Amino acid sequence: MTPKGQPGPETQISGDLRRGDVEAATDRLRRMPPAQVRSVLGRSGPGDVAVIFRLLEKNVAVEVFTSLEPRQQSQLIRALQDEDVQIMFAHLQASGQARLLDEVPAEVAQRLLGTLNSGQREDAGRILGYPPGSVGRRMGPVLIEMRPDMTAGEALKSLRQSEVPGQRLRRLVILPVVGRGHRLLGMVELTVLASAHEQARVADLMTTDVDSVAATEDDETAARRLSAEDLLALPVIDVASRLVGVLTLADASRILAEEETEDAARSGGSEPLAQPYLSTSVGRLVRSRMVWLLVLAVGATLTVQVLEVFESTLEEMVVLSVFVPLLIGTGGNTGNQAATTVTRALALGDVRSGDALRVVRREFAVGLGLGALLGTIGLVVAGLVYAWPIGVVIGLTLLSICTLAASVGSLMPIIARRIGVDPAVFSNPFISTVVDALGLIVYFLIARAVLGI
């Protein structure tokens, strides 16, 4: 940990590079564990990342590279020499290679595939054959397969003699048991194998009631299932029930973290960066936000048109314009609160598409309660400051807007899920556009009715 008041390691290394003191920067990096090097890369500017990476020892560089996000890997691939690229790319798992190939341009992807041997190329091609966002794209390889006719002693011997790297071997806690044609028969825990008699057959030790997941299933759904059911791993099978990979707890955690980051970004009106903030270029930050700003700006024209329709009402009672920002803001916030709550419930499986009516009823009641509280406050404050008829208009409008916004906001994520759109993408722009416009229509209609204008 950096002492308080002292510059962080990335600042020190960046300073060394600016002064041309490469030896000092290299010395600092070589005293850091790989996890800290990754943190330094994430906090370094885009121009420094490739330079810092080239200063790393080869084994550290490989370990750090495999732990980076695909977008960071893509940026490094373009800056590294062909020899380095070949080494880094070959050390990725097939799923990691596929994700990286999705990020880079087609010509770079072809060059990367050309660096692999035939077996690695086949594995990467198989992963790429599954649709984006599916478990098949995120599954890990089947490192060790057990056969049902093996004894526990033979199974453990095959583990010891396997060519699986030690780091991966240490993560094995449950092993698949396959029959002819790689058809999945069951799973056996490593602890069960280790504690069983040497002559005990794997068929007698394995669990046949095994949860599995189709390779084409949505990766987030599978990850949440693995996490919710407290499983150690989910075997991944194809349409013929052949074992093609394994989704581990670490894979599931990574998928869920990415999905939550993506939902948080989109609910805030921007695209996810898919890499650390400080290592992202300003141009990329602009692109990640511009689309949503344009969408919201176009949507805001509907609000302007509503104001134009009720222009005569505003001219007769100018004080009504004072409350427009308050009402728009309240409606938007209420709708977004409901949408965020329901989107999260959908992601966790607490709510399904068939629960639409129940959800809307609940959020209608919530909106009514919030509107009653805010409306009462608005009635009293506006009544005392301006006039009691104005207070009545504000109170009734807040009651109506909160109820409307909560109902619409709760329904939008469910509609999005039904039509196959990301609820986080669909909800906020729609709420910002529709709730603002409908809220103003309700406001001016109530004003006309109460004030007689």
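**Loops, rings and burial in a predicted model**

His-182 has a relative accessibility of 42%, so the residue counts as partly exposed. The structure discussed here is a predicted model. His-182 sits in the loop that runs between β1 (174–178) and β2 (184–189). Its phi angle is near 60°, a positive value in a residue that isn't glycine. A second case turns up in another loop: Ser-241, placed between β4 (233–237) and β5 (243–248), has a phi near 65°, again positive and again in a residue other than glycine. With a relative accessible area of 30%, Ser-241 falls between the cut-offs of 20% for buried and 50% for exposed, so it too is partly exposed.

Stepping back to the whole chain, the secondary structure adds up to 23 helices and five strands. The radius of gyration comes out at 29 Å, while the globule rule gives 22 Å for 453 residues; the protein is therefore more spread out than a compact globule. Along the principal axes, the C-alpha trace covers about 90 × 65 × 45 Å. Of the 453 residues, 43% are buried. As for how the chain meets itself, 65% of the contacts between residues at least 6 apart in sequence join residues that are at least 24 apart.

On the outside, the protein exposes about 23,400 Å², and 56% of that area is supplied by carbon and sulfur atoms. The charge count is 43 positive and 49 negative, and the mean positions of the two sets lie 2 Å apart.

Aromatic rings come next, and the structure holds three aromatic pairs. In one of them, the ring centres of Phe-323 and Tyr-386 are 5.4 Å apart and the planes meet at 70°; an angle over 60 degrees counts as edge-to-face, so that is how this pair is classed. The two partners come from distant parts of the chain, 63 residues apart: Phe-323 belongs to the loop between α19 (311–316) and α20 (324–348), and Tyr-386 to the loop between α21 (356–385) and α22 (388–418). Their surroundings can be read from the accessibility values. Phe-323, at 9% relative accessibility, is buried because that value is under 20%. Tyr-386 has a relative accessible area of 42%, so this ring's residue is partly exposed. Another pair is formed by Tyr-443 and Phe-444, with centres 5.2 Å apart and planes at 35°, so the arrangement counts as tilted. Here the accessibility of Tyr-443 is 0%, so the residue is buried, and Phe-444 is buried as well, with a relative accessible area of 0%.

Burial can also be followed along a helix. Helix α8 (residues 94–103) is mostly covered, with seven of its 10 residues buried. The buried set begins with Ala-94, Ser-95, Gly-96, Gln-97 and Ala-98, and also takes in Leu-100 and Leu-101.

Over in helix α6 (residues 70–79) is Gln-72, whose relative accessible area of 7% is under the 20% cut-off, so this residue is buried. Setting aside neighbours within four places in sequence, Gln-72 makes contact with Gly-42 on one hand and with Gln-275, Pro-276 and Ser-279 on the other.

Two further positions round out the picture. Pro-131 lies in the loop between α10 (118–128) and α11 (135–138), and its 38% relative accessible area makes it partly exposed. Not counting residues up to four places away in sequence, Pro-131 touches Arg-137 and Thr-216. Thr-216 is 85 residues away from Pro-131 along the chain, yet their C-alpha atoms are separated by 6.8 Å.

Asp-204, by comparison, is part of helix α15 (residues 202–205). Its relative accessibility of 58% is over 50%, so Asp-204 counts as exposed. Asp-204 and Thr-191 are 13 residues apart in sequence, and the distance between their C-alpha atoms is 14 Å.

Terms used. Residues numbered from 1 in each chain as written. Predicted model: local features only at pLDDT ≥ 70, side-chain atom pairs only at ≥ 80, totals over all residues. Heavy atoms only, no water. Helix = DSSP H or I, 4+ residues; strand = E, 2+ residues; numbered from the N terminus. Buried < 20%, exposed > 50% of the residue type's maximum accessible area, 1.4 Å probe, protein only. Rg over C-alpha atoms; globule rule 2.2 N^0.38 Å. Contact = heavy atoms within 4.5 Å. Areas by Shrake-Rupley, 256 points an atom, 1.4 Å probe, with all protein chains shown as cover. Lys, Arg positive; Asp, Glu negative; His and termini not counted. Charge placed at Lys NZ, Arg CZ, Asp CG, Glu CD. Phe/Tyr/Trp six-rings, centres within 6.5 Å; stacked < 30°, edge-to-face > 60°.
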